[in-house]
Amino acid sequence: MKDRCPCARRRFSLLRIAALFALGLGLAAVGGWAQEVPSDPCRKLSLVDESARLGLSFDHLTGARGGKHLPETMGAGLAWLDFDGDGWIDLYLVQSGPFPPPEAASATASNQLWRNLGGGRFERVGGSGEGPAADAGYGQGAVAADVDGDGDSDLYVTNYGPDRLWINRGDGRFEATPTGVDGWSSSAAFADADGDGDLDLYVSRYVVYDPKAELFCGDLDSDRRTYCDPSLFAGAHDRFLLNRGDGTFTDATAQAGLSQAAGRGLGVLFTDFDGDGHPDLYVANDLTINGLYRNRGDGTFDDESLFSGAAVNGQGKPEAGMGLAVGDFDGDGTPDLAVTNFDVETNTLYRNLGAMQFEDSSLASGFGLPSFNLLGFGLVSADFNLDGALDFYVANGHIFENPLRGDSSYRQPDLLLLGDGRGGFSVANCGPAFDESWVGRGLAVADLDNDGDPDLALLNSAGPAQLLINHNAELGEPRSWLGVRLLGAPPNRQAIGARVTLTTTSGRQTRWVLAGDSYQSSSERRLQFGLGEGEKPVKLEVRWPDGKRQRWRGLPLNGYARLVQVQSP
C-alpha cells in the first residue's frame, strides 16, 4: 500500500525576494559591491567545451525507471589525479546506473578512469571493458589522495550502498578495500586531522532512504509521481575515519566528538580556518544548519557551528547547502568560504574575520544575487583569467524536472564570476561553453594541458561529462603565471593541508592544498598563481602540514616548480 503523504515544498516569501533585491541595489548604489564590472571581462578568457576533440565520451546514467527515487537526482562527481605519475593529470568519472541497484554488478554502470595522453587528449583505461577502479556501485562521488603514503594517488568512492577505497598499486592496477561505510554517502575529504602524518577521512552522508518504502509524492488522482522533497527523510549520520598508518581506517566518529553530525550532509572540506596549523572541518547540509568544527590538534573537534556565523545565512536561516569552495577571496591571507544552495536562497559567501568568526558577504560582494533563480551544485575557485585574483565557477541544475516556480528550470546555465582580489565578484560568462544549459552536478578544476591556466571537468546528471578548456593564453598577450607542485614529508607526500603564500610586487596570494571540495568531486593538487600586468613575484612561502616553513625566491615563471620539503635530521 502506498503511503499517502504531502510533498513538502520549498517556499519563499515575496517580501524576502523584494528585500534581497532592494538590499542588493542599495549596496550597488553606495559602492557596496566592492568592485566595478570590467568593460571587457572576457578579453583574456574563453571557456570552450572540447570533450569530443579531446576524445572524452561519457554519459552519466541515473538509472531512473519511473519510481522517482531521490538518489536518482543527486549524482554524480569526478576526481582529477595523475594515477600513472607521468606529469599529465588524469580523470576519474563516477557512474550511477540502475536504481534500485541490482544485486549483480553491471559493467555498463561502472566508474571509468581516463588517461591523459599529453596535451589534454584522453583515452579510457581498459578500453570498452572494465578498467582500473571500475566501481560498479550506485556512484555518488570520488576523492583522490595518497592514503597509504607510497606516492601514488588512491581513490575513495562514495555510493548509495557500500563505499569503496581503491588503493593504487603503482602499476596501473587499483585494489578494492571495504570501508565499513554503508547507506547513502555524498562527498568525502582527506586531511591529517590528528597530526600523526597520515591522512584521515570524513564522509558526509545524506539521508536514510529505503526504496522499498514506496513513499508517494505527486498527484494521487492521476497517479503521477514526482520526486519527494528531502525534508521528508531523516538525515544520515556522517562518518569520521582515522588512518591506521597503512591506508586502512577505523571509525572514530564518536571519540572525535562528531557523532551528532546528521544534517543531510552533501559537501565537505578540511581547511585551517583559524590559522593554528590544524585542519578544521566544514560540512554543507541540506535544509539544516551547516557544520563548522574546530580541530583541537589531536583529531577531536569542537562544534563551533552556531557561534561562528557560518552555519546560517545573514538572516539567521539555514539553507540547502551543496557544494563548497575555499580561498582567500579578499586578499587578507585567511581562508574564506563559499557554499552553493537551492534556488531562491542565493549562494553564500562567508568572509573570514579571524578566530573562527565569519560574516555573510553574499550580497555586498556581488557573489550571491546572480544565483537567485539557480540551483547550484559543483563549485570551484581558481584564477581563470590569470590576473592574480580568485574567481568562481558554479555548475547549476535543478533536482525537480518541473520546478514549482515558473522562472526556474530543470536545465540551467552555469555561472562564471570573476573576482577583483578585494572580495568583489561580477558575472562574466566567457566563451561558447555557456551557450547551453545542463543539469550540473560534479565539478573539479585542473590544468589538464599544462599551459598554466585552469581548465574544468563537469559531470551532468543524466548527461555528458564535459572538458572546458581555458583559452586564456591564446587571447592577446599571454599573462605570466607561477605553478608549484609540492612534495611533502612521508607519509603525506602530497602535502595535503599545506598553505602556500606568494608575495608579489603588488600584493599577496594565498592558496591551500585540499583533498576533496566542490560537490562529490576532487580537484588537482598543483597550484597556479596568475600575475597581473607588470606584477612580479618576490618570494613564495610554504607552511607544510607539520607546521614547518620554507621560502623560495627566483622561481621560474610559466612552468611548474617542484618544491620538496626539507626534513630535519
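Two strands count as paired here if DSSP finds at least two bridges between them. Keep that in mind for the close-ups below, which come from a predicted model.

**View 1. Valine 484 and its bridge partner across β33 and β36.** Valine 484 has leucine 527, in β36, as its bridge partner. That is one spot in an antiparallel pairing of β33 with β36, which runs over four bridges.

**View 2. The open sheet β36-β33-β39.** Zoom out from that bridge and you get three strands in an open sheet, ordered β36-β33-β39, with mixed pairing. β36 (527–530) and β39 (560–564) are the edge strands, and each of them pairs on one side only. From one strand to the next, the twist averages 25 degrees.

**View 3. The second largest pocket, with β33 in its lining.** Here β33 turns up again: this strand gives the most to the lining of the second largest pocket, namely four residues. Both β3 (78–81) and β33 (481–487) supply at least two lining residues each. The pocket's volume comes out at about 560 Å³.

**View 4. Around the centre of the second largest pocket.** Which residues lie nearest the centre of the second largest pocket? They are Asp82, Ser153, Arg485, Gln494 and Arg525, out of 24 lining residues. If you're setting up atom types, the lining splits into 10 nonpolar, six polar and eight charged residues.

**View 5. The open sheet β18-β19-β20-β21.** This one is a four-stranded open sheet, with the strands in the order β18-β19-β20-β21 and antiparallel pairing. β18 (265–271) and β21 (301–303) sit at the edges with a single partner strand each, so one side of each has no neighbour in the sheet. On average, neighbouring strands of this sheet are turned by 20 degrees against each other, direction ignored. As for what holds such strands side by side, strands of a sheet pair through backbone hydrogen bonds, either parallel or antiparallel.

**View 6. Tyrosine 282 and the β19–β20 pairing.** Moving in on the same sheet, β19 (residues 280–285) and β20 (residues 291–295) pair in the antiparallel sense over three bridges. Tyrosine 282 has leucine 292, in β20, as its bridge partner.

**View 7. Residues 1–37, and how confident the model is.** How does pLDDT behave over residues 1–37? It stays under 50 there, and the model has 70 contacts beyond four places in sequence for this stretch. For the protein, the average pLDDT is 90, and 91% of the residues score at least 70.

Definitions and conventions:
Residues are numbered from 1 along each chain as its sequence is written. This is a predicted model: local features need pLDDT of at least 70, side-chain atom pairs count only at pLDDT 80 or more; totals for chains, interfaces and linings use all residues. Side-chain values use heavy atoms; hydrogens and water are left out. On a 1 Å grid over the protein atoms alone, a cavity is a set of points where a 1.4 Å probe fits but cannot get out, and a pocket is an open set with protein on both sides within 12 Å along at least five of seven lines; lining residues have an atom within 4 Å of a point. Grid points are joined across faces, edges and corners, and a volume is the space filled by probe spheres set on the points. Ala, Val, Leu, Ile, Met, Phe, Trp, Tyr, Cys and Pro count as nonpolar, Asp, Glu, Lys and Arg as charged, and the others, Gly among them, as polar. pLDDT is the predictor's confidence in each residue, from 0 to 100. Contact means heavy atoms within 4.5 Å. Axes are lines fitted to C-alpha atoms, for helices over the stretch in contact, and angles run from 0 to 180 degrees between N-to-C directions.
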